[in-house]
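Welcome! Here is a short guided walk through one protein chain, written for someone meeting it for the first time. Have a look at the model first, and then read on.

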Amino acid sequence: MSVLRSLESKLAGLVEGTFSRAFKSEVRPVEIARKLAKEMDEHKVQSLSRVYAPNEYAVWLSPEDRAQFEGTEGELASELSGYLLEHARRERITLGTSPRVVFKTDEKLRLGEFGIQARRVTPPQREADGPSQADEGRTMVYSTADRVQEPLREPDPRRGRARLRLDGRAEIVGSKGAVMGRSRDADVVIDDPNVSRHHAEVRPSGGSWIVNDLGSTNGIKVNGRRVNGPQSLKDGDVIEIGTSRVTFELE
């Protein structure tokens with residue numbers, strides 16, 4: 001298991017443990033972690049010999065979501081910072097300092113929405129100097145609205161254990177679902193230029209499983225038919241993503 005995948009598994013596990021009561025709105029730690037890594041990747045700057053990226057990240061939450069953090073905010077920020085540090089090491093990205101994650105409140109955000117603002121801060125050259133800060137980028141807003149109405153559930157034995165089979169390999173889908181895409185931080189990496197970085201997800205919903213497009217460029221098909229919005233899955237269904245075919249299996 002890669003370091004990045006291991007960290008994502010650790011963060012996903014926190015939902016069932018320390019933070020299980022803190023994310024009734026479905027703003028999950030693993031989702032924030034993935035978007036933080038996405039912002040790091042999209043703000044990279046190439047120099048002659050190194051690749052630089054932001055090292056400070058503000059995560060903006062609605063007042064309702066922020067209220068859920070009481071007593072856990074510091075621990076979660078530390079976990080997310082560690083996640084970003086390992087991601088930077090894996091991608092050979094140079095950071096001015098260890099990454100720092102802070103949480104803030106935005107009254108304009110709705111329940112289930114969160115924003116991320118990234119900036120690069122360089123350490124002071126002299127002790128008397130303060131840190132120098134690059135201009136702050138615009139805040140990217142992400143939504144988990146398609147899951148906000150679904151409370152966190154324990155795994156439902158009626159669903160069975162799910163697998164995604166692609167190119168002769170089988171990927172187990174955990175109780176929190178799996179993201180399919182071309183990005184290396186996707187749960188199921190698909191090496192296909194017609195696949196978006198985070199193309200679609202397969203996740204549990206009630207007593208069944210669904211596939212949902214994540215705003216990809218080319219969309220998805222199930223058993224040859226294009227689908228819009230969440231689509232329920234049964235054993236043997238074939239998900240077409242780009243030019244690739246992923247078979248959904250249930251034990």
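A helix axis here is a line fitted to C-alpha atoms over the stretch in contact, and the angle between two axes runs from 0 to 180 degrees between their N-to-C directions. That idea will be useful shortly. Please keep in mind that this is a predicted model.

**The whole chain**

Let us begin with the overall picture. The protein chain contains five helices and 19 strands. Of its 251 residues, 47% are buried. The chain exposes about 13000 Å², and carbon and sulfur atoms supply 45% of that area. How are the contacts spread along the sequence? Taking contacts between residues at least 6 apart in sequence, 61% join residues at least 24 apart.

**Two helices that meet**

Now for the pair of helices. Helix α2 covers residues 29-42 and helix α4 covers residues 73-90; their axes come within 10 Å of each other and cross at roughly 40°. Are the two helices parallel or oblique? Angles under 35 degrees count as roughly parallel and 65 to 115 as roughly perpendicular, so a crossing at roughly 40° makes α2 oblique to α4. The crossing of α2 past α4 is right-handed.

Which residues make this meeting? On the α2 side they are P29, I32, A33, R34, L36, A37, M40 and D41, and on the α4 side L76, L80, Y83, L84, H87 and A88. Sorted by kind, the residues of this contact are eleven nonpolar, one polar and two charged.

**Contacts across the sequence**

Several loop residues have partners elsewhere along the chain. The table lists four such pairs, with their C-alpha to C-alpha distances.

| Pair | Apart in sequence | C-alpha to C-alpha distance |
|---|---|---|
| R28 and K176 | 148 residues | 10.0 Å |
| T94 and Y52 | 42 residues | 4.8 Å |
| F69 and F103 | 34 residues | 9.4 Å |
| N218 and S196 | 22 residues | 7.9 Å |

Let us take these loop residues one by one. R28 sits in the loop between α1 (3-16) and α2. Its relative accessibility is 10%, so R28 counts as buried.

F69 belongs to the loop between α3 and α4. With a relative accessibility of 2%, F69 is also counted as buried.

T94 lies in the loop that joins α4 to β4 (100-105). Is T94 buried or partly exposed? Its relative accessibility is 22%, and since buried means under 20%, T94 counts as partly exposed. Leaving out residues up to four places away in sequence, T94 touches R50, V51, Y52 and A53. Y52 is thus a contact of T94 as well as its partner in the table.

N218 is placed in the loop between β14 (208-213) and β15. At a relative accessible area of 36%, N218 is partly exposed. Not counting residues up to four places away in sequence, N218 touches N194, H199 and R226.

**A buried serine**

Another loop residue to find is S62, in the loop between β3 (56-61) and α3 (63-67). Is S62 buried or exposed? Its relative accessibility is 0%, so S62 counts as buried. Which residues does S62 touch, not counting those up to four places away in sequence? They are T105, D106, L109, R110, L111 and E113.

**Two residues with a positive phi**

We finish with the backbone. Most residues other than glycine have a negative phi. Which residues go the other way here? D167 has a positive phi of about 50° although it is not a glycine. D167 lies in the loop between β9 (162-166) and β10 (169-173), and with a relative accessible area of 70% D167 is exposed.

N223 also has a positive phi without being a glycine, with a value near 55°. The loop that holds N223 runs between β15 (220-222) and β16 (225-227). At 42% relative accessibility, N223 counts as partly exposed.

Technical notes: Residues numbered from 1 in each chain as written. Predicted model: local features only at pLDDT ≥ 70, side-chain atom pairs only at ≥ 80, totals over all residues. Heavy atoms only, no water. Helix = DSSP H or I, 4+ residues; strand = E, 2+ residues; numbered from the N terminus. Buried < 20%, exposed > 50% of the residue type's maximum accessible area, 1.4 Å probe, protein only. Contact = heavy atoms within 4.5 Å. Areas by Shrake-Rupley, 256 points an atom, 1.4 Å probe, with all protein chains shown as cover. Parallel < 35°, antiparallel > 145°, perpendicular 65-115°, else oblique. Left-handed = near helix turned anticlockwise from the far one by under 90°. Nonpolar A, V, L, I, M, F, W, Y, C, P; charged D, E, K, R; others polar.
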